[in-house]
Amino acid sequence: MPTSSAAALPIRRLTPRDLVACADLSENRGWPREEHKWGLLLAAGTGYGIDDPTGGLVAVCVVTDYGPRERPELAAIGMVLVAERHARRGVGRRLMRHLVEEMGSTPLTLHATPYGRPLYEELGFKVIGHAEMVRGVFTSEGSASAVFTRPATAGDLAPLLGLDEEVFGSDRTHMITRLPAFADQLRVAEEDGRIIGYAAAWPNMDTHVVGPLIARDTETAKALVSSLAAHTDRPLRTDIDVRHEDLLSWLKERGLAPVGLNAVMTHNISELPGDWTRRFAPLTVAAG
């Protein structure tokens with residue numbers, strides 16, 4: 001297909017019916033299919049895509065808004081993919097420009113690979129930090145943590161949502177309320193009857209991804225990860241804000257190895273809202 005034709009194809013909103021086509025595109029670019037994650041993102045966020053006249057999708061991305069629906073306080077961009085046969089033709093740039101223009105003054109954030117970072121910088125995104133992905137079979141310390149953790153219950157939902165909004169800096173009820181169905185585990189850390197942290201482990205191919213991971217301090221974060229690891233036979237994977245050096249070092253000592261380093265970038269905002277000291281890992285880098 002000529003460059004001009006590929007770059008001029010219309011952009012449309014995706015629906016959950018596009019899940020398989022999105023997974024096919026992921027596979028086309030050498031990513032895992034991740035149908036479970038695509039299902040969450042297409043249900044809770046807004047997908048954008050460009051159809052290939054010959055079948056399938058030319059390009060996709062997903063935007064997840066947070067805060068009031070009529071005036072989002074933050075939007076996360078993720079899963080930006082262009083089919084191999086259409087790569088390096090300006091299609092991804094056009095899709096991203098469309099998003100930036102459509103979102104207007106809404107603060108934006110994304111996690112960028114080294115490959116994608118130059119495009120985002122061209123569009124005005126700035127690097128404000130980094131997140132390191134680690135993966136591996138978790139080895140227990142053997143000693144019990146002083147922090148009490150337990151499975152979350154229905155009665156924990158309201159305080160959990162309150163803690164999440166306080167730490168994340170914006171209301172993401174539409175994502176967090178999906179965690180009980182999306183994740184295989186959802187656990188809370190508790191002190192004197194008060195929730196001081198929570199974490200989920202959700203299935204992704206042969207791993208369990210730990211995220212979100214929100215905790216009062218590093219010891220609480222460690223206790224939550226340990227409790228999740230104790231209830232799975234799968235390797236763990238997570239993306240940790242590199243400012244949490246102690247947690248990253250501990251995870252590596254426990255058997256998780258570095259896989260990649262992504263730049264955390266923003267547009268229309270100089271820093272992410274909320275309290276980074278208690279925000280250790282995102283639900284997924286695609287949704288913040």
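Strands here are DSSP runs of E, at least two residues in length, and they are numbered from the N terminus. With that in hand, let's walk through this predicted model, starting with its enclosed spaces.

**Cavities**

The count comes to two cavities of 30 Å³ or more. Here they are side by side.

| Cavity | Volume | Lining by class |
|---|---|---|
| Largest cavity | About 60 Å³ | Seven nonpolar, two polar and three charged residues |
| Second largest cavity | About 30 Å³ | Seven nonpolar, one polar and no charged residues |

Which strands each supply at least two residues of the lining of the second largest cavity? They are β10 and β11. β11 gives the most to this lining, with three residues. If you would like to find the spot in the structure, look for V210, L213, V225, L236, T238, I240, L251 and L256, which line the second largest cavity.

The largest cavity also draws on these strands: β10 (207-215) and β11 (236-241) each supply at least two residues of its lining. Once again β11 provides the largest share, three residues. The lining of the largest cavity is made up of K37, M133, W202, V209, V210, R237, T238, D239, P282, L283, T284 and V285. V210 and T238 are worth picking out on screen, as they appear in the lining of the largest cavity and in that of the second largest cavity.

**Cysteines**

A search of the whole structure turns up zero disulfides. C22 takes part in none, and the nearest cysteine sulfur, that of C61, lies 9.8 Å away. Why is there no bond between C61 and C22? The sulfur of C61 has its closest cysteine sulfur in C22, and 9.8 Å is too far for a bond; a disulfide needs the two sulfur atoms within 2.5 Å.

Are these cysteines buried or exposed? C22 is buried, with a relative accessible area of 0%, and C61 is buried as well, also with a relative accessible area of 0%.

**Helix α4**

Helix α4 covers residues 91-103, 13 residues in total. At 1.5 Å a residue, the helix should span 18 Å, and its end C-alpha atoms are 19 Å apart, so the expected and modelled spans agree.

Which residues of α4 are buried? They are V91, G92, L95, M96, L99, V100 and M103. Just after α4 comes G104, which takes a positive phi of about 60 degrees.

Definitions and conventions:
Residues are numbered from 1 along each chain as its sequence is written. This is a predicted model: local features need pLDDT of at least 70, side-chain atom pairs count only at pLDDT 80 or more; totals for chains, interfaces and linings use all residues. Side-chain values use heavy atoms; hydrogens and water are left out. Buried means under 20% relative accessible area, exposed over 50%, partly exposed in between (1.4 Å probe, protein chains only). Helices (H or I, at least four residues) and strands (E, at least two) are DSSP runs, numbered from the N terminus. The expected span of a helix is 1.5 Å times one less than its number of residues. On a 1 Å grid over the protein atoms alone, a cavity is a set of points where a 1.4 Å probe fits but cannot get out, and a pocket is an open set with protein on both sides within 12 Å along at least five of seven lines; lining residues have an atom within 4 Å of a point. Grid points are joined across faces, edges and corners, and a volume is the space filled by probe spheres set on the points. Ala, Val, Leu, Ile, Met, Phe, Trp, Tyr, Cys and Pro count as nonpolar, Asp, Glu, Lys and Arg as charged, and the others, Gly among them, as polar.
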